[in-house]
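Here is a brief report on one protein model and its bound ligand. It starts with polar contacts, then turns to a pocket, two strand-helix-strand units and some backbone details.

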Amino acid sequence: MKKKTFSSLNKDPSHMAAAQEPPYTELERDFLEPEDFYNLLISKGTDFFTGVPDSLLKDFCGYVADHSDPKHHIITANEGNAVALATGYNLATGKFPLVYLQNSGLGNIVNPVMSLAHAQVYSIPMLLLIGWRGEPGKKDEPQHIIQGKCMNGILTEMGIQYEVLPDFIEGATQSVESAIFHMQNRSSPYALIVRRQCFVSYKFKNKAKNSYTLTREDALKTVIENVGKHDVVVGTTGFLSRELYEIRKARNEGHERDFLCVGSMGHASSIALGVALSKPSRNVICLDGDGACIMHMGIMTTIGSTKCENFKHILFNNGCHDSVGAQPTAGFDTDFTKVALQCGYKEAISVSENEEITEGLKRLMSAKGPVFMEIRIRPGARKDLGRPKSSPLQNKTDFINFLKK
Ligand SMILES: Cc1ncc(C[n+]2csc(CCOP(=O)(O)OP(=O)(O)O)c2C)c(N)n1
């Protein structure tokens, strides 16, 4: 078990007495090892893990991915799927499964919790492990603030009992025991909330890898070079929109052509479709990620059936959730070009080199849509990648003004 030292805590007057005596000037505090927490769950009978990865849970998710067999750890398309999958597991085994998610995924679980797992419906016990982005009083990105503030209220309204997971194993053991007591007696979901830095870091051994050479940022640069001045771009959640923001800056262009879907993972293509249908004279380009596209893949059937001619869908496929720790997606198990064509897109191609991107875009930009291009890339982002400096509201205002031109 690792310990970290927080001498800064001694600045708090409540620690002043301790601070006067040398042996106690530094307060030692335990941090939760993903390994200890995983073993604790296994020892209590929870051996099935499913969910969508989150940056605050990445060390735990990495440990689970490295140590569970594929039948006992399943990364789902979205968090709602995970709750339903966990339900099936509980029905078949009687055991208490664990569903992990970022609190952004709460919206995705509302329906399967309220109309399936809830104590007054099918009453299914499961442990929800929820990463608390936007915790009040902690610095976070704008898209997490409201969710972070409302999370406890949403859980309460949903009838889900919860507690914050302590960051030391003795406390975590008590919490897991309370959760089990609840699940045994109430037969319904129970949530453990994970604050930032609850877990110590774990080096994820089975991070997704592939043999493609282009990075997302390099592929994105090539795409942006081939986008017209009147074209509109909608960027997906995670690193891609941050890279897009920096590329525009480096090219001395404004950000008004780009709508950054900083939250609302999986919905960039729906937003782009809404714009495209109403602005038929402009090409509208959705820059998607494989994890995001898969999360709400059903929209591809809608895109195909609208026959929206100015809709251009570009998918950056690295086979993983790169932005939150590179846990694998089904990106390379899925033939996206076939899916797009079967959904009614007019054309769909797959490329992996810069020259192919340029050539493909030249054709697709003038072709009648909806059209689709998959760019196969390798995982990874720059260490010094920044974040958008303008607020979502500023982004929206600039975007609306650009559309009016
Ligand atoms: C509903 C929801 N669930 C989970 C997240 C956390 N999250 C942010 S980005 C991301 C990964 C996106 O993966 P992908 O679309 O493949 O893009 P990549 O990061 O690989 O570029 C995840 C899981 C979120 N923002 N919203």
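## Ligand contacts

A polar contact here is a pair of N or O atoms within 3.5 Å. The model is a predicted one. By that cut-off, D290 makes a polar contact with the ligand, because an N or O atom in the D290 side chain is 3.0 Å from a ligand oxygen atom. S323 also uses its side chain: one of its N or O atoms there is 2.5 Å from an oxygen atom of the ligand. G291 takes part through its backbone, where a polar atom is 2.7 Å from a ligand oxygen atom.

Which residues come nearest to the ligand? There are 21 residues around the ligand, and E79, R216, G291, C320 and S323 come nearest. Two of these names have already appeared: G291 with its backbone contact, and S323 with its side-chain contact.

## The second largest pocket

The second largest pocket holds about 350 Å³ of space. Its lining is made of 18 residues, and H73, I74, I75, P328 and T329 are the closest to its centre. Two elements give two or more residues each to this lining: β4 (73–75) and α11 (290–295). β4 supplies the largest share, three residues.

What is the chemical make-up of the lining? Nine of its residues are nonpolar, seven are polar and two are charged.

## The β7-α7-β8 unit

Strand β7 spans residues 161–164 and strand β8 spans residues 190–194. The two pair in the parallel sense, over four bridges. Within this pairing, V164 stands opposite I193 in β8. Helix α7 covers residues 169–186 and, with β7 and β8, makes a β-α-β unit. That unit is right-handed.

## The β15-α14-β16 unit

A second right-handed β-α-β unit is made by β15, helix α14 (residues 354–366) and β16. Strand β15 runs over residues 347–351, and strand β16 over residues 371–376. Five bridges join them, and the strands run parallel. V351 stands opposite I375 in β16.

The loop between α14 and β16 is the place of P370. What kind of peptide bond joins G369 and P370? The bond is cis, with omega about 0 degrees.

## A positive phi

One further backbone detail concerns N252. Its phi is positive, about 55 degrees, although N252 is not a glycine. Where does N252 lie? N252 is in the loop between α9 (239–250) and β10 (258–260).

Definitions and conventions: Residues numbered from 1 in each chain as written. Predicted model: local features only at pLDDT ≥ 70, side-chain atom pairs only at ≥ 80, totals over all residues. Heavy atoms only, no water. 1 Å grid on protein atoms, 1.4 Å probe; cavity = no way out; pocket = protein on both sides within 12 Å on 5 of 7 lines; lining within 4 Å. Points joined across faces, edges and corners; volume = space filled by probe spheres on them. Nonpolar A, V, L, I, M, F, W, Y, C, P; charged D, E, K, R; others polar. Pairing = 2+ DSSP bridges. Right-handed = clockwise from strand over helix to strand, strands pointing away. Near = heavy atom within 4 Å. Polar contact = N/O pair within 3.5 Å; in protein donor to acceptor, adjacent residues only side chain to side chain.
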